[in-house]
Amino acid sequence: MSTLAATGIKIDQIRAQFPVLHQLVNGKPLIYLDNAATNQKPKRVIEALARYYEKDNANIHRGIHTLAERATKAYEETRHVMQRFIHAKHVEEIIFTRGVTESINLVAATYGRKFLNAGDEVILSGLEHHSNIVPWQMICEEKGAHLKVIPVTEVGEIDLKAYRTLLSSKTRIVAVNHASNSLGTINPIKEIIDLAHQRQAVVLIDGAQASAHLPIDVQELDCDFYCISSHKMYGPTGTGILYGKKELLEEMPPYMGGGEMIKEVTFAKTTYNELPYKFEAGTPNIADVIALKEAVSFIEELGKEQIAAYELELLKYAAQRLSAIKGVRLVGTAPEKVSVQSFIVDGIHPFDIGQMLDARGIAVRTGHHCTQPLMDRFGIEGTVRASFSVYNTKAEIDSLAEGVERTINFMR
Ligand code: 7TS
C-alpha cells in the first residue's frame, strides 16, 4: 500500500477516515473516481455537522443567548480559516456563498452590472465550466457588452498568444479557471492576471478544481476575485467562498436584499451593512460553513503539497494504463495538470463505458462535464472522466483499466 511521501501516512489510514468508501456497489467494492464532481467527506467533517446540530444549533449574529454565541463564533472561525487558507489580507474579504456558481453570479450581477457598459469586453477561456460562462453571457447581454474567448490548444491549454491579442482597452473583466474540470489543465493564472492588469481589467479566478490540489495565495496572485466550493475540497455541499479585494467589494452594490445585509431599514431608505455581511443576506448555511473548517484541517494536516504529489503519481499511472489500451484516446494531455483524466473510446459512447464501469462498482463521470464549448472545440460529444483524490490507489486504477478493456471487448 502506498504512503504519502514525506509524511509516511499510509493511504489505508486515510481511507479509513472516509466511511462512504467502505461499501459494495453493485456487489463490488466501491471505486470512487468522480472526485472532480465532488469528493468524499472525512469522518471529522461529518461529525462536525452532527455535533453542530446536536449541541449548538442557533441562528447566528442576532441572538445574545449562549447557543447563538457558540454558533456565531464557530461560523466566524471558518472565515478566519479560509482567510488563512487563501492568504487573503483581510478577513472581511471572505464572503460565504453556496459555492463557485453563486460566487461568479454574485460578481457578474454586482460588479458586472455596475461597471460594464455597452461595447466593453469580458474575456473568458474556452476551458470554462458553464458556471463561468453563462453569468457573463447574461450580464453582457443586459449591458450590451461582448464576450471574447481565448482559444484552447490541441493538448488542452489556454493559448496565451491569442489571449494577448484579445486584451485591449475595452477589456473590463477576465474570468478563467485555475484548473480545468474536464481536462485537468492548470492554467498560468499569474501571467493571465498580470496581463489583464496592464489593461486595468479585473480578474476573477474560478478555483473550483484548485482548492484541494494547488497552493492559493490571492495576494501573491493579485487576483481581484477568487471562487471556491467547499464540496470539492472534502467539505460539505452548499457552501463555499467568494474572495474579493476589499476596495472592489466596497464599491460593489449588494447582491441580495434581506436580513443581515442591512444597517438600517426604513420604508424611505435602507443603508447596507459593512463587509462581509453586505453580501450575506438571510440565514446562511451555518452548519456546512462550520464543518468546512474540518475539511481545511484535513487538507492541511496531510499537507496540500503531499496530497498533490501523490495525486500526480496516480494521474501519471492512469494516463499510462489507459493510453496503453487499444482504442482509448486521452483528451487533455497538458504537461501541467491536476488529477483529472478524460478519455474517449473509439466507437463506444462515453455513457456506455460509464454504465459498464458502474456495474463493476466504479464511479466515473461521463458527458460534457458542463463544458459544452470545450467539447465542441475537440469535436466530441463528451468524454469519460476519471478524477482522483488522496484516498484513491493504483489498484483502483488497475480496476478502471481492466473495466475499460472488458467493456471494449464486450461491446465489439
Ligand atoms: N467551475 C468549475 C471549474 C467546476 O469544476 C465546477 C463544478 C463549477 C465551476 C461549479 O461548481 P459548483 O460547486 O458551484 O457546482 N464541476 C463539476 C464537475 O466537473 N462535475 O460536476 C460538477
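Trainee: How many cavities of 30 Å³ or more does the structure hold?

Mentor: In this predicted model, the structure holds 1 cavity of 30 Å³ or more. The largest cavity has a volume of about 40 Å³.

Trainee: What makes the largest cavity a cavity?

Mentor: A cavity is a set of grid points where a 1.4 Å probe fits but cannot get out, whereas a pocket is an open set. The lining of the largest cavity includes Asn35, Gln209, His213, Val338 and Phe388. By class, that lining has 4 nonpolar, 5 polar and no charged residues.

Trainee: Which pocket does the ligand occupy?

Mentor: The ligand takes up the space of the largest pocket.

Trainee: Which residues are the closest to the ligand?

Mentor: The ligand is surrounded by 15 residues, and the closest are Thr101, Asp206, Ser229, His231 and Arg385. The shell around the ligand divides into 4 nonpolar, 7 polar and 4 charged residues.

Trainee: Why is the pairing of Thr101 with the ligand called a polar contact?

Mentor: The cut-off is 3.5 Å between N or O atoms. A polar side-chain atom of Thr101 lies 2.5 Å from an oxygen atom of the ligand, so the pair qualifies as a polar contact. For Gln209, a side-chain N or O atom is 2.7 Å from an oxygen atom of the ligand, and this pair also satisfies the cut-off. For His129, the distance from a side-chain N or O atom to a nitrogen atom of the ligand is 3.4 Å, which is again within 3.5 Å.

Trainee: How much of the ligand does the protein bury?

Mentor: Taken alone, the ligand exposes 490 Å², and the protein buries 88% of that.

Trainee: How do you know that the ligand lies between domain 1 and domain 2?

Mentor: Domain 1 (11–38 + 303–411) and domain 2 (47–300) both contribute residues to the shell around the ligand, and therefore the ligand lies between them.

How values were computed: Residues are numbered from 1 along each chain as its sequence is written. This is a predicted model: local features need pLDDT of at least 70, side-chain atom pairs count only at pLDDT 80 or more; totals for chains, interfaces and linings use all residues. Side-chain values use heavy atoms; hydrogens and water are left out. A residue is near a molecule or strand if one of its heavy atoms lies within 4 Å of it. A polar contact is a pair of N or O atoms within 3.5 Å; within protein, one must be able to donate a hydrogen and the other to accept it, and residues adjacent in sequence count only if both atoms are side-chain atoms. Accessible areas come from the Shrake-Rupley method with a 1.4 Å probe; for residues, only the protein chains shown count as cover. On a 1 Å grid over the protein atoms alone, a cavity is a set of points where a 1.4 Å probe fits but cannot get out, and a pocket is an open set with protein on both sides within 12 Å along at least five of seven lines; lining residues have an atom within 4 Å of a point. A molecule sits in a cavity or pocket if more than half of its atoms lie within 2 Å of its grid points. Ala, Val, Leu, Ile, Met, Phe, Trp, Tyr, Cys and Pro count as nonpolar, Asp, Glu, Lys and Arg as charged, and the others, Gly among them, as polar. Domain bounds come from an automatic or database domain assignment. Grid points are joined across faces, edges and corners, and a volume is the space filled by probe spheres set on the points.
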